[in-house]
Amino acid sequence: MPQQVQHITLKQLQQQIKSAVEGALPLPVWVVAEVAELKVNYSGHCYMELVEKSEPKRGANSTPTAQARAVIWRSQWAMISPYFRQQTGSDLQAGMKILARVMVSYHELYGLSLQISDIDPSYTLGEVERQKQLTISQLKADGVWDMNRELPMPYLVQRIAVVSSAAAAGYRDFMNELREGGYAFRCDLYDAVVQGNAAEESICAALEEVALKQELYDAVVVIRGGGSASDLSCFNSYRLCSYVAQFPLPVLTGIGHDKDTSVADMVAHTPLKTPTAVAAWLTDRMARIEGWLEDMSVQLKTLATAMTKREELRLERLSAEIKLQAATYCQRAEARLELMREQLFSLVERRLEREKSRLEVMQRSVEALSPKRIMELGFAVVRSGGKVIKRVGDAEAGAPIEVELADGTIKARIEQ
């Protein structure tokens with residue numbers, strides 16, 4: 001038979017690991033980690049999954065580099081939870097970075113776990129501020145810090161894309177305030193999660209959808225109801241704030257936190273404290289535009305009245321001038337016509353005299369050449385058969401003829 005190998009049982013191995021781990025870390029240690037999951041069960045114990053992540057590269061998500069299970073027993077949770085809420089204004093929840101005092105324990109069945117006996121809330125608040133400052137520095141380094149604020153706000157802001165949760169009280173307050181304002185706004189809701197781990201991705205997706213339809217809107221409103229400082233974490237994230245800073249339309253924010261200003265507020269065109277304040281700002285702007293239009297209407301009416309009066313006086317003056325000029329012109333025309341009439345009469349008289357003299361000359365010429373005058377000089381007209389005999393050859397012997405003289409006619413017969 002083969003020689004039997006010396007061995008230990010699995011439980012013995014786990015007990016050795018337990019002794020080694022707990023012997024190496026016998027005292028509590030303060031550990032920095034991010035809460036990945038958190039659940040309080042029916043017994044009152046709080047179970048968490050803690051992770052440590054690598055620093056994210058631009059355009060990529062961070063990845064876990066370490067992970068451990070942790071528990072806060074019911075007795076400690078009853079003290080830690082309300083104190084953390086009092087100091088930070090928010091419940092301990094997934095996504096927060098914490099500084100926890102832990103004891104390392106190892107169980108033969110469940111493996112390694114951390115027992116949390118205390119959590120420092122000041123670290124969580126400081127981490128939120130640190131992340132906020134990192135986002136501000138990165139946005140300024142990218143040169144996008146002032147981009148949205150430099151966009152011109154349209155005079156008339158009526159077509160609005162609203163990024164909010166349909167179930168949020170802040171969205172209802174916003175819409176109610178707009179309706180009470182009495183102006184006609186067109187508001188399209190782009191439903192998004194505005195709190196928790198999914199908020200950043202959800203809001204960015206909604207903004208991307210609005211950007212595809214930007215020609216339909218005058219401005220974008222990002223609103224949510226009130227909440228704690230930790231609830232603002234997504235509005236301090238680099239990705240979301242970069243979207244807001246570079247958005248092609250003016251962005252108005254009403255994130256609903258009076259004590260703190262998020263980075264999204266800082267890069268937005270017009271930051272306001274609450275959703276109701278955003279609606280009031282929009283209503284007031286419409287009221288100012290309406291007042292301006294009324295003033296312009298009054299001024300236009302006044303100018304039109306004054307211009308009409310000036311033109312009436314001008315027309316009266318022009319009418320008088322036209323009448324005077326017309327009378328002067330008519331007098332001049334009448335004088336000119338009288339002169340032309342006199343000249344015409346003179347010309348006609350002279351022409352008639354010339355024509356009369358010419359006719360007399362022609363008359364004398366005609367009279368001098370008339371047949372009667374010629375016949376008085378001894379000439380006669382001889383006819384035979386009604387025809388004038390002009391040549392001897394035209395006459396026939398024995399034919400009767402008529403000889404017309406100046407004072408009468410003689411009938412005769414041709415003998416030879």
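**View 1. Helix 4 and helix 8 cross in a right-handed sense.** The model is predicted. Helix 4 covers residues 169–181. Its axis comes within 8 Å of the axis of helix 8. The two axes cross at roughly 25 degrees. Angles under 35 degrees count as roughly parallel, so helix 4 and helix 8 are roughly parallel to each other. Helix 8 itself runs over residues 275–368. It returns in View 3, where side chains of helix 8 are shown.

**View 2. Helix 5 packs with helix 6.** Helix 5 spans residues 199–212, and helix 6 spans residues 238–245. Their axes lie 9 Å apart. The packing angle is about 20 degrees. That angle makes helix 5 roughly parallel to helix 6. What is the handedness of the crossing where helix 5 passes helix 6? The crossing is left-handed.

**View 3. Salt bridges join Arg351, Glu355 and Arg358 in helix 8.** Start with Arg351 and Glu355. Their side chains meet in a salt bridge, with an N to O distance of 3.3 Å. Arg351 and Glu355 are 4 residues apart in helix 8, so about one helical turn separates them. Now take Glu355 and Arg358. Here the closest N and O atoms are 3.1 Å apart, again in a salt bridge. This pair also lies in helix 8, with a spacing of 3 residues, about one turn of the helix. Because these salt bridges share partners, Arg351, Glu355 and Arg358 form one network. Are the members of the network buried, partly exposed or exposed? Arg351 is partly exposed, at 47% relative accessibility. Glu355 is partly exposed too, at 26%. Arg358 has 44% relative accessibility and also counts as partly exposed.

**View 4. Glu22 and Lys18 form a salt bridge in helix 1.** The side chains meet with an N to O distance of 2.9 Å. Why are Glu22 and Lys18 separated by about one helical turn? They are 4 residues apart in helix 1. Glu22 is partly exposed, with 26% relative accessibility. Lys18 is partly exposed as well, with a relative accessible area of 26%. For context, a search of the whole structure finds 12 salt bridges.

**View 5. Ile8, Leu10 and Leu13 make a nonpolar surface patch.** The patch measures about 290 Å². Which helix holds Leu10? Leu10 is found in helix 1, which covers residues 10–24. Leu10 has 63% relative accessibility. Over 50% counts as exposed, so Leu10 is classed as exposed.

**View 6. Glu37 sits in strand 1, with Leu50 in the same frame.** Strand 1 covers residues 29–40. Is Glu37 buried or exposed? Glu37 counts as exposed, at 55% relative accessibility. How many residues separate Glu37 and Leu50 along the chain? The answer is 13 residues. Their C-alpha atoms are separated by 7.2 Å.

Key. Residues are numbered from 1 along each chain as its sequence is written. This is a predicted model: local features need pLDDT of at least 70, side-chain atom pairs count only at pLDDT 80 or more; totals for chains, interfaces and linings use all residues. Side-chain values use heavy atoms; hydrogens and water are left out. Patches are made of residues with over 30% relative accessible area and no salt bridge: like charges are joined within 9 Å, nonpolar side chains (Val, Leu, Ile, Met, Phe, Trp, Tyr) within 5 Å. Accessible areas come from the Shrake-Rupley method with a 1.4 Å probe; for residues, only the protein chains shown count as cover. A salt bridge is a side-chain nitrogen of Lys or Arg within 4 Å of a carboxyl oxygen of Asp or Glu. Helices (H or I, at least four residues) and strands (E, at least two) are DSSP runs, numbered from the N terminus. Buried means under 20% relative accessible area, exposed over 50%, partly exposed in between (1.4 Å probe, protein chains only). Axes are lines fitted to C-alpha atoms, for helices over the stretch in contact, and angles run from 0 to 180 degrees between N-to-C directions. Angles under 35 degrees count as roughly parallel, over 145 as roughly antiparallel, 65 to 115 as roughly perpendicular and the rest as oblique. A crossing is left-handed if the near helix is turned anticlockwise from the far one by less than a right angle, and right-handed if clockwise.
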